[in-house]
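Visitor: I am new to this structure. Please take one part of it and give me a close look.

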Amino acid sequence: MPVSFKYWDDCADPEDLDSMWKDPDVRAEWLNVGETQGSKVHLSRDPDGQPYLTQTEMKAVAGIIARKHFVSQIDSDMLCAIAELESDRQPLATRYNKKSKETMMGIMQILPKTAKWLVKDLGYRSYEVFESSKLLYKPFVNVYLGAAYLKWLSNFEQKERSEEFMVRAYKGGTDKANHKSTLQYWRRYLSVKESLPSRKVFEVIPMPNASSASAPPPHTKDRPVNTTWDSRTSKEDMEEIWNNPIVSKEWTKSGEKKGKVRFSHDTEKRPYLSRVELKAVSEIILSKHFSTKGVKPSVLCAIAEIVSMRFVNGIGQRTGLMGIDYPTARWLYKDLGYKAYIVESVEDLTKPFVSMYFGAAYLAWLSQYEGRERTPQFVVQAYVAGPLNVNLQETGPIWLKFEEAMSRYGDPKKEEGSCTIL
């Protein structure tokens with residue numbers, strides 16, 4: 001008898017359903033369409049009548065699974081992006097492989113034999129699947145086992161693996177993780193992950209203050225959402241960025257006009273820079289103020305990716321694009337003479353050009369930390385975690401994320417060729 005789910009109650013345990021109701025975004029979405037707590041919750045259906053999870057629901061399921069079973073081990077956004085690619089978030093999705101004569105099932109497209117191996121041999125028993133493979137159609141069960149498989153891939157052959165390896169191996173198996181056949185899947189994954197409703201904050205150790213002074217991070221909720229480039233950029237810099245042919249083309253295509261260029265916003269109305277805009281800002285800053293130091297635009301862009309995810313206001317305790325805090329910027333301005341841009345308040349650091357300028361200045365200082373030339377690994381780790389928290393004995397997650405980000409802006413192998421990052 002074919003499996004059919006009409007309600008969330010048909011495919012989620014009471015505890016998991018309660019966790020869904022406790023998610024504020026899910027609760028708001030459900031109440032908005034007339035669902036009531038204590039009654040059965042309808043699953044959404046596509047035009048063909050097939051049930052699917054909304055992006056809000058998918059985000060909640062992935063977040064609950066990650067928090068309950070894989071704390072600090074699996075990125076919930078990775079689960080969401082893979083679910084989007086594998087099944088379009090459809091819990092009853094199946095795909096038959098003619099070559100192996102096996103059927104992949106559910107949101108994360110798990111093979112029954114893989115599920116049993118994860119449960120029996122690797123001990124992932126929070127959800128049992130011995131009774132019937134049809135249990136794999138349940139969203140929480142399927143996403144849990146998908147996360148378990150990704151966790152296994154993350155340390156395949158006792159070696160810490162990159163996100164790219166995990167994703168490509170998920171698609172084609174460990175022997176195809178570096179094969180051209182999985183490259184397009186990786187690119188699609190990055191695109192999907194970029195477009196998710198809520199982008200995960202990259203949690204890092206706060207940058208140490210350069211002085212005893214302190215200032216609070218910017219309060220993004222108090223700031224108007226309809227911010228523009230022109231409101232946070234000097235006329236001179238706006239002219240420079242309009243002169244960039246790629247940016248000009250991008251802005252013109254999206255209907256922007258001189259004097260009132262809008263920032264892009266995510267679904268939570270947070271302004272961010274496109275990669276084209278980010279690269280243009282880095283190139284302008286470097287050509288005007290750091291031309292003698294040979295600073296690489298791709299380095300600045302990669303740092304911005306991992307500390308702010310290109311959000312104009314920054315994320316968490318990180319202020320602005322480059323995550324520079326106010327005391328550090330003031331120290332660079334007053335004591336080290338980086339005065340091309342004035343920084344008088346923390347709000348100044350939410351201006352893209354200002355943040356990029358002081359980020360480049362801080363990198364320049366770190367590259368000669370304690371009077372000697374430093375390696376790229378030292379500079380990147382020191383920028384993110386502080387110079388006292390650098391560990392060059394092993395390749396940590398900070399460096400791996402940096403390399404991954406660098407690949408979007410240039411050839412990381414070429415960047416590593418020099419002995420310094422600047």
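Guide: Start at Phe-358. In this predicted model, Phe-358 touches Ile-324, Ala-329, Leu-332, Tyr-333, Tyr-338, Tyr-341, Val-343 and Leu-349, leaving aside residues up to four places away in sequence.

Now step back to the core around it. The largest nonpolar core has 63 residues. Phe-358 is among those with the most contacts inside this core. The others named with it are Trp-229, Ile-241, Phe-290, Met-322, Tyr-383 and Phe-402. Several helices feed this core with at least two residues each: H9 (235–242), H10 (245–253), H11 (275–289), H12, H13 (326–334), H14 (352–367), H15 (376–385) and H16. The largest share comes from H14, with eleven residues. Apart from this core lies another, of 62 residues. Ala-12, Met-108, Tyr-127 and Leu-153 are among its members.

Next, look at how H14 meets H13. Their axes come within 10 Å and cross at roughly 75°. H13 is therefore roughly perpendicular to H14. On the H13 side, the meeting residues are Thr-328, Ala-329, Trp-331, Leu-332 and Tyr-333. On the H14 side, they are Phe-358, Ala-361, Tyr-362 and Trp-365. Here Phe-358 turns up again. Three of its partners do too: Ala-329, Leu-332 and Tyr-333. By class, the contact of H13 with H14 has eight nonpolar residues, one polar and no charged.

Another helix pair that supplies this core is H12 and H16. H12 covers residues 297–308, and H16 covers residues 397–406. Their axes come within 8 Å and cross at roughly 120°. The two helices are therefore oblique to each other. The crossing of H12 past H16 is right-handed. H12 brings Ser-298, Val-299, Ala-302, Ile-303, Glu-305 and Ile-306 to the contact. H16 brings Ile-398, Lys-401, Phe-402, Ala-405 and Met-406. This contact divides into eight nonpolar residues, one polar and two charged. Phe-402, part of this contact, is also one of the residues with the most contacts inside the largest core.

Finally, the whole protein. The chain holds 17 helices and six strands. Of its 422 residues, 51% count as buried. Take the contacts between residues at least 6 apart in sequence: 62% of them join residues at least 24 apart.

Technical notes:
Residues are numbered from 1 along each chain as its sequence is written. This is a predicted model: local features need pLDDT of at least 70, side-chain atom pairs count only at pLDDT 80 or more; totals for chains, interfaces and linings use all residues. Side-chain values use heavy atoms; hydrogens and water are left out. Axes are lines fitted to C-alpha atoms, for helices over the stretch in contact, and angles run from 0 to 180 degrees between N-to-C directions. Helices (H or I, at least four residues) and strands (E, at least two) are DSSP runs, numbered from the N terminus. Angles under 35 degrees count as roughly parallel, over 145 as roughly antiparallel, 65 to 115 as roughly perpendicular and the rest as oblique. A crossing is left-handed if the near helix is turned anticlockwise from the far one by less than a right angle, and right-handed if clockwise. Contact means heavy atoms within 4.5 Å. Ala, Val, Leu, Ile, Met, Phe, Trp, Tyr, Cys and Pro count as nonpolar, Asp, Glu, Lys and Arg as charged, and the others, Gly among them, as polar. A nonpolar core is a set of buried Ala, Val, Leu, Ile, Met, Phe, Trp, Tyr and Cys residues joined through side-chain atoms within 4.5 Å. Buried means under 20% relative accessible area, exposed over 50%, partly exposed in between (1.4 Å probe, protein chains only).
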